[in-house]
Amino acid sequence: MASQVAQEVHQLAAIPTMRRRMLGAQLRRIRERQQLTADEVATRMKWHPSKMSRIEAGRSGLRAHEVGGLLDLYEVRDPSTRDALEVLAKEGKRRVWWQPYNDVLTPRYLDYICLEADASAALSFETTLIPGLLQTPDYARAVIRALKPERETDEVNALVEVRLARQNAALNREEPLQLWVIVDESALHREVGGASAFNRQLKRLRDAAEQPNITLQILPFGAGAHAGMLGPFVIFEFPVQADLDVVYSEGLASSVYLERDADRIAYRRTFDLLRAAALDVGPSHDMIERRIGEQT
């Protein structure tokens with residue numbers, strides 16, 4: 001175990017929130033091997049039970065001395081294991097690109113950004129909108145204004161900046177996010193932001209589909225009833241460990257992160273069914289081109 005932990009720490013050196021999730025996953029495994037419940041550990045550490053769930057899900061960080069206290073409780077004596085896990089704790093708070101925008105980011109949006117920043121791939125299904133990573137500024141602005149009518153103009157502009165920064169960080173990094181998107185045909189007909197802005201959005205979608213790290217399929221009206229009718233979702237895939245993969249589903253008032261094996265399997269099966277029902281890449285590109293022509 002010692003060499004495995006140390007190797008994974010090295011592989012995750014550049015991704016701070018992934019380090020936090022890695023730390024939580026390793027600590028959970030060690031706790032389970034000791035046959036302790038999270039509530040038992042929280043009681044013995046004098047922590048609120050919710051702190052344990054946040055730590056093990058990677059949503060809350062730990063100081064190195066707190067990691068040491070947990071490892072003492074778990075009777076982990078191996079120096080290399082202790083050092084590797086304490087490194088994860090120390091390195092988990094490095095400055096990230098979204099820090100200047102913290103005043104306009106809600107906790108659930110920040111969670112999403114952290115997952116996206118660390119993911120190696122994302123499988124996304126959208127029902128009514130062009131996905132955020134492929135939106136133009138005008139389209140994004142119109143969407144944000146519609147969903148957040150209470151926001152002041154400065155806040156809306158800041159959120160548009162965040163969306164553009166997300167796109168740059170995910171799609172233009174050294175190892176870009178591998179993005180597979182399935183978009184319902186309805187998104188190609190919903191004229192968001194006015195005719196001119198929407199035409200630019202369709203062209204952006206067409207151009208994005210030509211990037212080597214982006215696969216785009218359109219789910220046509222002709223597909224009829226389909227596996228994704230309950231709503232949009234994203235499956236985030238992470239390097240090193242498949243059991244860190246997360247399914248994200250957003251609602252009006254809350255977001256759901258699904259990490260159980262059964263949930264991941266169910267959503268992957270759904271995505272596979274949607275891939276099969278959607279148009280292939282070439283016909284999808286042709287459909288977007290036709291919609292551009294209809295808009296001009």
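Start by selecting Trp97: with 26% relative accessibility, this residue counts as partly exposed. Keep in mind as you click around that the model is predicted. Now add Trp98, which counts as buried because its relative accessibility is 6%, under the 20% cut-off for that label. Show both rings and you'll see an edge-to-face aromatic pair, with 5.4 Å between the centres and 85 degrees between the planes of Trp97 and Trp98.

Next, select Tyr112 and Phe236. Their rings also pair edge-to-face, at 5.3 Å centre to centre and 70 degrees between planes. Colour by residue number here, since this pair links distant parts of the chain: Tyr112 sits in helix α7 (residues 107-118) and Phe236 in strand β4 (residues 233-237), 124 residues apart. Buried or exposed, these two, Tyr112 and Phe236? Both are buried. Add Tyr248 and Tyr257 to the selection, and you have a cluster of four names, Tyr112, Phe236, Tyr248 and Tyr257, linked by ring pairs. Across the structure there are seven aromatic pairs.

Leave Phe236 highlighted and bring in Leu134, Leu171, Leu177, Leu179 and Leu188. Together with Phe236, these are the residues with the most contacts inside the largest nonpolar core, which has 37 residues. Which helix gives the largest share of this core? Go to α10 (residues 195-208), which supplies four residues. For a second core, separate from that one, pick Ile30, Met52, Ile55 and Tyr74, which are among its 20 residues.

Back to Leu179 for a moment. Leaving aside residues up to four places away in sequence, Leu179 touches Ala122, Leu133, Leu134, Leu171, Asn213, Ile214 and Thr215.

Step along to Trp180, which lies in strand β2 (residues 178-184). Trp180 counts as partly exposed because its relative accessibility is 28%. Which residues does Trp180 touch, not counting those up to four places away in sequence? Select Ala122, Leu123, Ser124, Thr215, Gln217, Phe271 and Arg275. Zoom in on Arg275 in particular, which lies over the face of Trp180 at 4.7 Å from the ring centre. Switch to a C-alpha trace and check the backbone too: the C-alpha atoms of Trp180 and Arg275 are 9.7 Å apart, although these positions lie 95 residues apart along the chain.

Another charge over a ring is worth a click. Select Lys51 and Trp47: Lys51 lies over the face of Trp47, 4.3 Å from the ring centre.

Now for some helix packing. Show α5 (residues 64-73) and α6 (residues 79-90) as cartoons; their axes come within 8 Å and cross at roughly 145 degrees. The crossing of α5 past α6 is right-handed. To see what makes the contact, turn on side chains for Ala64, Val67, Gly68, Leu71 and Asp72 in α5, then for Arg82, Leu85, Glu86, Ala89 and Lys90 in α6.

Last stop: Ser284, in helix α12 (residues 281-295). Why does Ser284 count as buried? Its relative accessible area is 1%, and the label needs a value under 20%. Beyond residues up to four places away in sequence, Ser284 touches Leu216, Gln217, Ile218 and Leu279. Keep Gln217 selected, because that residue is also on the contact list of Trp180, the partly exposed residue at 28% relative accessibility.

Conventions:
Residues numbered from 1 in each chain as written. Predicted model: local features only at pLDDT ≥ 70, side-chain atom pairs only at ≥ 80, totals over all residues. Heavy atoms only, no water. Core = buried A, V, L, I, M, F, W, Y, C linked by side-chain atoms within 4.5 Å. Buried < 20%, exposed > 50% of the residue type's maximum accessible area, 1.4 Å probe, protein only. Helix = DSSP H or I, 4+ residues; strand = E, 2+ residues; numbered from the N terminus. Contact = heavy atoms within 4.5 Å. Phe/Tyr/Trp six-rings, centres within 6.5 Å; stacked < 30°, edge-to-face > 60°. Lys NZ or Arg CZ within 6 Å of the ring centre and 35° of its normal. Axes fitted to C-alpha atoms, helices over the stretch in contact; angles between N-to-C directions. Left-handed = near helix turned anticlockwise from the far one by under 90°.
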